[in-house]
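The report below walks through one structure, taking local sites before the chain as a whole. Please keep the sequence and the coordinates in view while reading.

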Amino acid sequence: MHKILIEDIEREPNKTLHYEFDDEIEELEGCKLNADLEIKSLGDFIEIKGDVSGVVTLECDRCLNKFDYDLEFDIDETYAKRSLYDEYSQEVELQSGQFITDLNGEKEIDIYDLLYQSVILNLPNKKVCGINCNEGLFVSEEDMVIHDDRMDIFKNIPIQNDK
Ligand SMILES: [Zn+2]
């Protein structure tokens, strides 16, 4: 489940809850994550920060073999308890790279969903199994770490349909 009630965060000392996530993301093939999160209530906002590491199975764009891709990224997410941005989109960019997600009055935060979305945003744009890919083409380090084009990523998410 991995859902956290906002009132539980507020009951903690300093209104800060430590949450350790150690589970699979079932929607993504072979995806296991470990996350150490600090969830803090700041008046009208909830801030979640922490480190995530794990692994996900991807399919190589060149040779089509599956390979394990190591994940390592930071979480820095802010939620608004009340609906502040009704007239705008659900996610409002405050400053470069920082987003506020509107909870729309929800009383809990879905950590599983947060991590699932974060993995998708942190997948590489070009998925190549390694510099020794048996297509034999040279892949620069740069090719393997481009994260820019978010829409492109969504087209290539490996999803398990066999359940
Ligand atoms: Zn390959």
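## Local sites and overall fold

Phe21 is buried, with a relative accessible area of 0%. This value, like every other in the report, comes from a predicted model. Phe21 also takes part in an aromatic pair, and a search of the whole structure finds one such pair. Its two rings, those of Phe21 and Tyr112, have centres 6.4 Å apart and planes at 55°, so the pair is classed as tilted. The pair links distant parts of the chain, since Phe21 belongs to strand β2 (residues 16–24) and Tyr112 to helix α2, with their positions 91 residues apart in the numbering. Tyr112 counts as buried because its relative accessibility is 17%, and the cut-off for that class is under 20%.

Helix α2, which spans residues 111–121, is mostly covered, with eight of its 11 residues buried. Those buried residues are Ile111, Tyr112, Leu114, Leu115, Tyr116, Ser118, Val119 and Ile120. In an α-helix there are 3.6 residues a turn, so residues three or four places apart point the same way. At the N-terminal end of α2, Asp110 acts as a cap, with a side-chain oxygen 3.1 Å from the backbone nitrogen of Tyr112.

One of the buried residues of α2, Val119, is also touched by Cys31, whose contacts beyond four places in sequence further comprise Asp23, Glu24, Ile25, Val55, Val56 and Leu71. Cys31 sits in the loop between β2 and β3 (32–42), and with a relative accessible area of 2% it is buried. The C-alpha atoms of Cys31 and Tyr69 are 9.2 Å apart in space, while the two residues are 38 apart in sequence.

The metal site involves other cysteines. The zinc ion is coordinated by the SG atoms of Cys60, Cys63, Cys129 and Cys133, at 2.2 to 2.4 Å. The angles among these four donor atoms run from 106 to 113°, and the site is tetrahedral. Along the chain the donors follow the spacing C-x2-C-x65-C-x3-C. Of these donors, Cys60 and Cys63 are both buried.

Two loop residues other than glycine have a positive phi, and the table sets out their values.

| Residue | Phi | Loop | Relative accessible area |
|---|---|---|---|
| Asn14 | near 60° | between α1 (6–11) and β2 | 71%, exposed |
| Leu64 | near 65° | between β4 (45–59) and β5 (66–80) | 55%, exposed |

Asn14 is thus exposed at 71% relative accessible area, and Leu64 is likewise exposed, at 55%.

What pattern does the protein chain follow when read along the sequence? The order is β-α-β-β-β-β-β-β-β-α-α-α, which corresponds to four helices and eight strands. Of the 163 residues of the protein chain, 40% count as buried. Among contacts between residues at least 6 apart in sequence, 55% join residues at least 24 apart. The protein chain exposes about 10,200 Å², of which carbon and sulfur atoms supply 44%.

Key:
Residues numbered from 1 in each chain as written. Predicted model: local features only at pLDDT ≥ 70, side-chain atom pairs only at ≥ 80, totals over all residues. Heavy atoms only, no water. Donors = N, O, S within 2.8 Å, 3.2 Å for Na, K, Ca; no water. Tetrahedral: all angles 85-135°; square planar, octahedral: opposite > 155°, others 65-115°. Buried < 20%, exposed > 50% of the residue type's maximum accessible area, 1.4 Å probe, protein only. Helix = DSSP H or I, 4+ residues; strand = E, 2+ residues; numbered from the N terminus. Polar contact = N/O pair within 3.5 Å; in protein donor to acceptor, adjacent residues only side chain to side chain. Phe/Tyr/Trp six-rings, centres within 6.5 Å; stacked < 30°, edge-to-face > 60°. Contact = heavy atoms within 4.5 Å. Areas by Shrake-Rupley, 256 points an atom, 1.4 Å probe, with all protein chains shown as cover.
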